[in-house]
Amino acid sequence: MDDPGLPERHFRNSGIPTVTDERLRQVSPLRRALVRPELGAICGAILVFVFFFMIAGDSGMFGPEGVQNWTVVSAQFAIIAVGACLLMIAGEFDLSVGSMIGFTGIVVAILSVQWGVPTWAAILIAFALSMAIGALNGILVIRTGLPSFIVSLAFLYILRGLTIWLSILTTRQTIIGGVRDAAEGDWLAALFGGVIFKGFFQWLGDIGVIDTFSRGTRAGQPVVEGIPMLVVWAIALIIFGHILLTRTKFGNWIFAAGGDAQAARYVGVPVNRVKILMFMFTAFCASVFAICQVMEFGSAAADRGLLKEFEAIICVVIGGALLTGGYGSVVGAALGALIFGVVQQGLFFSGAESSLFRVFLGTILIMAVILNTYIRRLITGERG
Amino acid sequence: METQPLLELSHIRKQFGGVVAVEDFSLDLHPGEIVALVGDNGAGKSTLIKMISGVYQPTDGAIRLSGETVSFTDASEARARGIEVVYQDLALADQQPVYMNLFLGREKLMKGLPLLDRRSMVKEAQQLVEDLDVRIPSAKATIRDLSGGQRQGIAIARATHWAKQLILLDEPTAALGVAETAKVEKQIAALKERNVAILIISHSLDQVFRLSDRICVLRRGQQIGIRETAKTDKNEIVAMITGVN
């Protein structure tokens, strides 16, 4: 206590009245600044970057192409992580995200390729369907009072089965191609595929900041064409999620709904509505992921999105959110997604066996959660 | 009491399936008056509070607020009419700071923007806890870090801040120590001076006698009687509660 270096000392001089009749727990501003859900993820991200910079620094991983490579992968994780993050803070899970990705993709492909529906309409219908299923998920959770773990686990199977069945029923196969041709010139499809800032990147190529192709049909074009729409979506969703959560009334209700639903209901927060909307938002994010992927590959496959629900949850947990709800951060989840993308592609660049990715995934998850819990306890002195 | 009663309950009855929780209950409550509801467990006290606050709807009978018959379908409607409840389980969000709890469900927004005005909420919350002498490190402190007495102080501060007319207290000091209880009682007395009507459930007869103007006794859903606190004693009240003379 008398050591001038300790935060308590600093606190004693900060003008807060000393009270003897209450059990006051003084928390210094420094500690409060450190107790942020993102803390673990920030440390993790720095660690991962340093690690791969050392072992794969000369492999092109941090060149323009390499950066684009892991940015796209991170962006994929980020898109579903934002949805999972808000839902988890609202106190619920959605394990059907992966199946939802497969489902949305197949719906878009069947509608646009098989039935000749304009791609923009197919996309809108797919969004409407998946968000309706998200709402159904939420309504079932609210009405039955069952844990969302069980309800969405059921939907994990129901949706995956339906997707494969639908695909085989209409095309006799589980992969539907020709989506890109069907989407040619479509105004809405353009929002999910391709790149922006092409001119800027061409200029960067021309002045030699990034390499250009020297041969073939794309000779003279930069190796990185522009910012992929996928990345634009990820950034937009992160910003949207972050502002919604930390700056708006609704965000406050998300925290309250997950933190203590009964307390929130007592003061008139529409807890059920908040939760159902978050299920719908998670479904929306899954659909964005699915449609970006379909536009990129030009095809949809019934088995897409396998295990994505867990990867999304892992990103969120690395980002410092509590599984029990009421605590977490979109920025943290986005950093979790970045860690993921960098690790997955870093292993590839460093020449490691790619199957080791999952080993890393599991290891990082445990390390991150231990670190988060440990740091939180260390700093706040809280129990359990 | 020549003023118009703020709250009039007449012949309230509540039935859950085959069980009658409250039978033919009538009570008037005036501004600036504290009425205590006493009775053993299962007497129907909490059910009554929940009917007034809109959580339950009475099976029969009428609730009038300032002479006007009301029928709330949920808790937020009652709140909109200036009725606040302090529950024994506090009803605060643990992970959230004090000021957010004070403003939960009624957040202040910036002018012309759908964004939270944290600064003015913190300022108002700080002012409020200082006025009510709730001693907490700061309005930004997280509820989790506070003691039971401090938490109850916050819950009462919230009710005080928003209640225009009526506060319902459901065993506000059940979980508190002696010094903390004294502080909460001081807050309740201060509310009375602000001309708010108060209905309090308490198992502590000492507390009831310290605070209330009138005491209303319930036993197994039946209204046994109402006494003016100054004209009765503990023996009479205990006899009414237990039904044993």
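In the predicted model, B:Ala125 is buried, with a relative accessible area of 0%. This residue is placed in helix 4 of chain B, which spans residues 118-131. Beyond its neighbours within four places in sequence, B:Ala125 is in contact with B:Tyr99, B:Leu102, B:Phe103 and B:Ala139. The C-alpha atom of B:Ala125 is separated by 9.7 Å from that of B:Ile154, a residue 29 places away along the chain.

A second residue of chain B, B:Leu211, is found in helix 7 of that chain, residues 205-211. B:Leu211 has a relative accessible area of 11% and is therefore buried, the limit being under 20%. When neighbours within four places in sequence are set aside, the contacts of B:Leu211 are with B:Ile34, B:Glu185, B:Ile188 and B:Ile200. Between the C-alpha atoms of B:Leu211 and B:Ser76 the separation is 28 Å, with their positions 135 residues apart along the chain counted as the distance apart. Chain B also holds a residue with a positive phi that is not a glycine, namely B:Asn195, for which the angle is near 70°. B:Asn195 is placed in the loop that runs between helix 6 (178-193) and strand 8 (197-201) of chain B.

Chain A comprises 16 helices and 4 strands. Of its 384 residues, 51% count as buried. The area exposed by chain A is about 17900 Å², and carbon and sulfur atoms supply 66% of this area. Among the contacts in chain A between residues at least 6 apart in sequence, 76% join residues that are at least 24 apart.

The packing of two helices of chain A was examined next. Two packed helices are described by the angle between their axes and the distance between the axes. The axes of helix 4 (residues 64-89) and helix 13 (residues 271-297) of chain A come within 8 Å and cross at roughly 170°. Angles over 145 degrees count as roughly antiparallel, and helix 4 and helix 13 of chain A are therefore roughly antiparallel to each other. On the side of helix 4 of chain A, the contact is made by A:Gln76, A:Ile79, A:Ile80, A:Val82, A:Gly83, A:Ala84, A:Leu86 and A:Leu87. Helix 13 of chain A contributes A:Lys275, A:Met278, A:Phe279, A:Phe281, A:Thr282, A:Cys285, A:Ala286, A:Val288, A:Phe289 and A:Glu296. Sorted by class, the residues in this contact are 13 nonpolar, 3 polar and 2 charged.

The nonpolar cores were then considered. In soluble globular proteins, nonpolar side chains tend to be buried together. The largest nonpolar core has 110 residues, of which A:Ile79, A:Phe192, A:Ile254 and A:Met295 touch the most other members. Helix 4 of chain A gives the most to this core, with 16 residues. Apart from this core lies another, of 34 residues, whose members include B:Leu29, B:Val35, B:Leu65 and B:Leu168. For A:Phe192, the contacts outside its neighbours within four places in sequence are with A:Ile123, A:Phe127, A:Met229, A:Trp233, A:Val288, A:Ile291, A:Cys292 and A:Met295. A:Val288 is thus listed both among these partners of A:Phe192 and among the residues of helix 13 of chain A that meet helix 4.

Individual residues of chain A are found in buried, partly exposed and exposed settings. A:Ser130 lies in helix 6 of chain A, residues 119-144, and is buried, with a relative accessible area of 0%. Its contacts, leaving aside neighbours within four places in sequence, are with A:Met100, A:Thr104, A:Ala283 and A:Ser287. A:Thr170, in helix 7 of chain A, counts as partly exposed at 29% relative accessibility. Outside its neighbours within four places in sequence, A:Thr170 is in contact with A:Ile110 and A:Gln114. The C-alpha atoms of A:Thr170 and A:Arg160, which are 10 residues apart along the chain, are separated by 16 Å. A:Arg172 is placed in the loop between helix 7 (148-171) and strand 1 (175-176) of chain A. A:Arg172 is exposed, with a relative accessible area of 78%, and has a positive phi of about 65° although it is not a glycine.

Definitions and conventions. Residues are numbered from 1 along each chain as its sequence is written. Chains are lettered from A and ligands numbered from 1 in the order in which they are written. This is a predicted model: local features need pLDDT of at least 70, side-chain atom pairs count only at pLDDT 80 or more; totals for chains, interfaces and linings use all residues. Side-chain values use heavy atoms; hydrogens and water are left out. Axes are lines fitted to C-alpha atoms, for helices over the stretch in contact, and angles run from 0 to 180 degrees between N-to-C directions. Angles under 35 degrees count as roughly parallel, over 145 as roughly antiparallel, 65 to 115 as roughly perpendicular and the rest as oblique. Contact means heavy atoms within 4.5 Å. Ala, Val, Leu, Ile, Met, Phe, Trp, Tyr, Cys and Pro count as nonpolar, Asp, Glu, Lys and Arg as charged, and the others, Gly among them, as polar. Buried means under 20% relative accessible area, exposed over 50%, partly exposed in between (1.4 Å probe, protein chains only). A nonpolar core is a set of buried Ala, Val, Leu, Ile, Met, Phe, Trp, Tyr and Cys residues joined through side-chain atoms within 4.5 Å. Accessible areas come from the Shrake-Rupley method with a 1.4 Å probe; for residues, only the protein chains shown count as cover.
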